[in-house]
Amino acid sequence: MRVIAGKYRGRKLRSPPSIQTRPTSDRLRETLFNILAPRIEGSRFLDLCAGSGAVGIEALSRGAARVIFVDRSRKMSALVATNVESLEVTNTTIEIVATEALEFLRRYIKDQAEPFDIIFFDPPYAEDYEGVLGFIGEHAAEILQADGIVIVEHHKQKLVSDEPPLKRYRELKQGDSVLSFYQVR
């Protein structure tokens with residue numbers, strides 16, 4: 001895996017040691033960030049179910065002001081830390097949190113933290129997406145900027161529905177993966 005563009009372009013990232021973690025492919029990340037390009041500079045980016053951190057690191061490389069990486073696995077959180085440290089990213093722009101996605105979101109709202117511009121949610125394909133998406137939809141005003149977006153990566157055979165007030169406005173298929181883009185209605 002490598003950083004595709006921006007400040008850290010071409011830098012190699014360590015991959016997860018197990019095949020249970022499925023990193024977002026370089027090709028899919030490149031497509032994603034070509035779409036997100038006008039939104040990235042200065043954004044607050046949440047990499048939810050971060051795995052190796054490749055998506056959040058790509059956002060940092062392309063100018064995101066703040067990236068929070070969340071993964072329930074301490075091993076994956078340590079891998080994110082290793083990847084970030086190898087790039088010599090300053091600690092003022094990142095945070096790495098080892099907890100469940102839903103637990104993180106609940107605490108984030110409780111702390112009344114600043115909403116995100118972009119949330120990237122890529123849980124293991126076998127996971128239930130609806131609980132986290134439903135929570136984001138229920139608390140969109142507290143989690144997401146008014147013009148913010150949520151991107152969900154899922155398997156092409158997995159049906160992921162709209163969670164009011166979130167509405168899917170775009171779907172991009174590449175191989176077995178799909179990126180579904182949501183915004184507040």
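**View 1. Arg29 and Glu58, both buried, in a salt bridge between two helices.** In this predicted model, Arg29 and Glu58 are both buried, and they form a salt bridge in which the closest N and O atoms are 3.2 Å apart. The pair links distant parts of the chain, since Arg29 belongs to helix H1 (residues 26-40) and Glu58 to helix H2 (residues 54-61), 29 residues apart. Arg62 joins Arg29 and Glu58 in a network of salt bridges, and the structure as a whole holds eight salt bridges.

**View 2. Arg66 and Glu95, a salt bridge between strands S2 and S3.** The side chains of Arg66 and Glu95 meet in a salt bridge, with 2.8 Å from N to O. Arg66 lies in strand S2 and Glu95 in strand S3, so this pair ties together parts of the chain that are 29 residues apart in sequence. Arg66 counts as partly exposed, at 22% relative accessibility, and Glu95 likewise counts as partly exposed, at 32%.

**View 3. The open sheet and its edges.** Seven strands form an open sheet of mixed pairing, in the order S3-S2-S1-S4-S5-S7-S6. Strand S3 (94-98) and strand S6 (166-174) stand at the edges with a single partner strand each, so one side of each is left without a neighbour in the sheet. From one strand to the next, the twist averages 15 degrees. Strand S4 (residues 116-121) and strand S5 (residues 144-155) run parallel and are joined by five bridges, and within this pair Ile118 stands opposite Ile149 in S5.

**View 4. Helices H3 and H4 packed on the sheet.** Helix H3 (residues 74-86) packs on the sheet, where it touches strand S2 (66-71) and S3, and its direction makes about 165 degrees with that of S3. Helix H4 (residues 101-110) also packs on the sheet, touching strand S1 (44-48), S2, S3 and S4, and its direction makes about 150 degrees with that of S1.

**View 5. Glu171 and Lys173, a further salt bridge.** The side chains of Glu171 and Lys173 meet in a salt bridge, at 3.9 Å from N to O. Glu171 counts as partly exposed, at 42% relative accessibility, whereas Lys173, at 60%, counts as exposed.

**View 6. The whole chain, for orientation.** The secondary structure comes to six helices and seven strands, which follow the pattern α-β-α-β-α-β-α-β-α-α-β-β-β along the sequence. The radius of gyration is 15 Å, close to the 16 Å that the globule rule gives for 185 residues, so the chain is as compact as a globular protein of that length. Buried residues make up 51% of the 185 residues.

Note on methods:
Residues numbered from 1 in each chain as written. Predicted model: local features only at pLDDT ≥ 70, side-chain atom pairs only at ≥ 80, totals over all residues. Heavy atoms only, no water. Pairing = 2+ DSSP bridges. Helix = DSSP H or I, 4+ residues; strand = E, 2+ residues; numbered from the N terminus. Axes fitted to C-alpha atoms, helices over the stretch in contact; angles between N-to-C directions. Contact = heavy atoms within 4.5 Å. Rg over C-alpha atoms; globule rule 2.2 N^0.38 Å. Buried < 20%, exposed > 50% of the residue type's maximum accessible area, 1.4 Å probe, protein only. Salt bridge = Lys/Arg side-chain N within 4 Å of Asp/Glu carboxyl O.
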